[in-house]
Amino acid sequence: MPAEDSQADALIIAVGSSPLVPPIPGLDGGNVVIVNNYYLEKEKVADDVVVFGGGLAGCECAIHLGMEGKKVHLVEMRDALAPDANVRHRPLLLKEIEKYVTIHTGCKGLEVTADGILCEDKNGEKQLVPGSSVICALGQRSRTGYVEELRDAAPYTAVIGDAAKVSAITNAVYWGYHAALDI
């Protein structure tokens with residue numbers, strides 16, 4: 001049913017987000033698994049893996065893989081890992097990262113190959129971070145196309161969660177609660 005045929009008086013738009021997959025050569029290769037699809041494609045992940053992206057999702061995935069006994073490297077362009085993590089959760093997360101993961105911060109991924117990720121450090125030096133498999137965890141992007149399709153579908157609309165701004169589940173629940181109160 002098209003949005004304009006809706007008889008709704010109010011609509012809370014919570015269409016979420018989709019993975020960010022920038023046009024980096026090789027990122028569309030057969031050895032790459034998008035972090036959102038890990039549980040659907042985990043049989044594709046070899047025992048030596050590079051997690052590409054050091055946000056919360058990438059760090060948690062890297063820990064999980066390390067706990068499974070895999071050799072894990074994590075590549076992050078920024079100097080800090082998981083800056084989006086909860087202030088109480090982050091120190092515990094970083095301790096677990098130290099146990100299970102080889103960290104490569106300040107490294108920009110240039111190309112994904114069958115042997116890992118070719119990176120460039122802050123000094124412009126290139127290095128290959130080794131791994132047969134790559135987990136792409138480079139972030140999320142709001143599904144703005146869906147939001148725009150639905151925005152005029154009811155007299156009252158509220159956009160919440162990742163559809164409004166990619167964030168944590170706590171914020172999505174908070175926004176949903178307050179959107180419902182506003183109806």
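I began with a cross-strand pair: K108 stands opposite E120 in β8. A reminder to myself that this is a predicted model.

**The sheet**

I followed that pair outward and found five bridges joining β7 to β8 (residues 116-120), with the two strands running antiparallel. The sheet is open, has three strands in the order β7-β8-β9, and pairs them antiparallel. I noted β7 (108-113) and β9 (126-130) as the edge strands, since each pairs on one side only. Ignoring direction, neighbouring strands here are turned by 30 degrees against each other on average.

**Helix α2**

Next I checked the length of α2 (residues 56-67). Its 12 residues, at 1.5 Å a residue, should span 16 Å, and the end C-alpha atoms lie 17 Å apart, so the two agree. Which residues of α2 are buried? I listed G58, C59, C61, A62, I63, L65 and G66. Their cover includes α1 (38-41), β4 (48-52), β5 (71-76), α3 (89-100), β6 (101-105) and β10 (133-136). Just after the helix, I saw that G69 takes a positive phi of about 95 degrees.

**Cysteines**

With cysteines turning up in α2, I looked for disulfides and found zero in the whole structure. For C61, the nearest cysteine sulfur belongs to C59 and is 10 Å away. A disulfide needs the sulfur atoms within 2.5 Å, so that pair does not count. C119 is in no disulfide either; its nearest cysteine sulfur, that of C107, is 5.2 Å away.

Are these two buried or exposed? C61 has a relative accessible area of 7%, so I put it down as buried. C119 is at 0%, and therefore counts as buried.

Conventions. Residues are numbered from 1 along each chain as its sequence is written. This is a predicted model: local features need pLDDT of at least 70, side-chain atom pairs count only at pLDDT 80 or more; totals for chains, interfaces and linings use all residues. Side-chain values use heavy atoms; hydrogens and water are left out. Helices (H or I, at least four residues) and strands (E, at least two) are DSSP runs, numbered from the N terminus. The expected span of a helix is 1.5 Å times one less than its number of residues. Buried means under 20% relative accessible area, exposed over 50%, partly exposed in between (1.4 Å probe, protein chains only). Contact means heavy atoms within 4.5 Å. Two strands pair if DSSP finds at least two bridges between them. Axes are lines fitted to C-alpha atoms, for helices over the stretch in contact, and angles run from 0 to 180 degrees between N-to-C directions.
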